[in-house]
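Biologist: I would like a close look at the aromatic pairs in this model. Please take them one by one and place them in the chain.

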Amino acid sequence: MAWLGFRNLPPIRRRLTDSQYSVGELHELLQQLAKSPQESVVEPRSVADPVLLADIRYARHEPVFDRIVFDFVHLVPGYTITPLTEADLIEREMQGPWGLGVSFADCRIRYQVGAIDSATAPSEIVGRPRYPALTEHKLVSGDSDRVEWAISAPSEAHYLVFKLSDPPRLVIDLIRHT
């Protein structure tokens, strides 16, 4: 029953979940579908009220890719993903030769419910998984209605970007070098 949403997965995810492929075939298939390390992704979307970024998670998926997931309340906002150079990462006080900048429009990380304020300073939101394709992620800016994250990697990597629903989330898979 855990795979009730299986039919809603993009075709590539369904094939990978079925796991009919060997490791080499999986890596080759992902490389064909992935964005190049120099390619940007833009999905504009305008919403009436800012969306709340609820959580950030990451995981290691043996043996082919590492994943970072941005969970949202209600829907995935518009986003832009741009490659970052080593100089861009140094400017953001991060290490690594390559990374991705992830910017969400009409999005907030801060909200208030009654007398409880959940505001978190950007310096407090940092993750260092030290995986083969994902070494660090950090909140760069969380002001007004725009949220920006930086992700660093030990080397340039092809990557996949896709949205899932129930709950709404943006998924970025960083393909490991073999």
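Modeller: The aromatic pairs come after a short look at the chain as a whole.

This is a predicted model. The mean pLDDT of the protein chain is 80. Of its residues, 76% reach 70 or more. Two stretches fall under 50. One is residues 1–9, with pLDDT below 50. Beyond near neighbours in sequence, that stretch has nine contacts in the model. The other is residues 12–18, where pLDDT also stays under 50. Here the model has 23 contacts beyond four places in sequence.

Now the fold. The protein chain has 13 strands and three helices. It holds 178 residues, and buried residues make up 42% of them. Take the contacts with a separation of 6 or more: 61% of them join residues 24 or more positions apart. The chain exposes about 9700 Å². Carbon and sulfur atoms supply 50% of that area.

To the aromatic rings. The structure holds four aromatic pairs. One of them joins Tyr58 and Tyr131. The ring centres are 5.9 Å apart, and the planes meet at 75°. The geometry is edge-to-face. Tyr58 sits in strand 2, residues 51–61. Tyr131 sits in the loop between strand 9 (126–127) and strand 10 (136–141). The two parts are 73 residues apart in sequence, so this pair ties together distant positions in the numbering. How exposed or buried is each partner? Tyr58 is partly exposed, with a relative accessible area of 32%. Tyr131 has 19% relative accessibility; buried means under 20%, so Tyr131 counts as buried.

Next, Phe72 and Phe104. Their ring centres lie 5.0 Å apart. Their planes are at 75°; over 60 degrees counts as edge-to-face, so this pair is edge-to-face. Phe72 belongs to strand 3, residues 65–73. Phe104 belongs to strand 5, residues 98–105. The two residues are 32 apart, and the pair links distant parts of the chain. Both Phe72 and Phe104 are buried.

These two phenylalanines also have aromatic company. Phe72 and Phe104 form one aromatic cluster with Phe70 and Trp149.

To put the two described pairs side by side: Tyr58 and Tyr131 link strand 2 to the loop between strands 9 and 10. Phe72 and Phe104 link strand 3 to strand 5. In the tyrosine pair, Tyr58 is partly exposed, whereas Tyr131 is buried. In the phenylalanine pair, both partners are buried.

How values were computed. Residues numbered from 1 in each chain as written. Predicted model: local features only at pLDDT ≥ 70, side-chain atom pairs only at ≥ 80, totals over all residues. Heavy atoms only, no water. pLDDT = per-residue confidence, 0-100. Contact = heavy atoms within 4.5 Å. Phe/Tyr/Trp six-rings, centres within 6.5 Å; stacked < 30°, edge-to-face > 60°. Helix = DSSP H or I, 4+ residues; strand = E, 2+ residues; numbered from the N terminus. Buried < 20%, exposed > 50% of the residue type's maximum accessible area, 1.4 Å probe, protein only. Areas by Shrake-Rupley, 256 points an atom, 1.4 Å probe, with all protein chains shown as cover.
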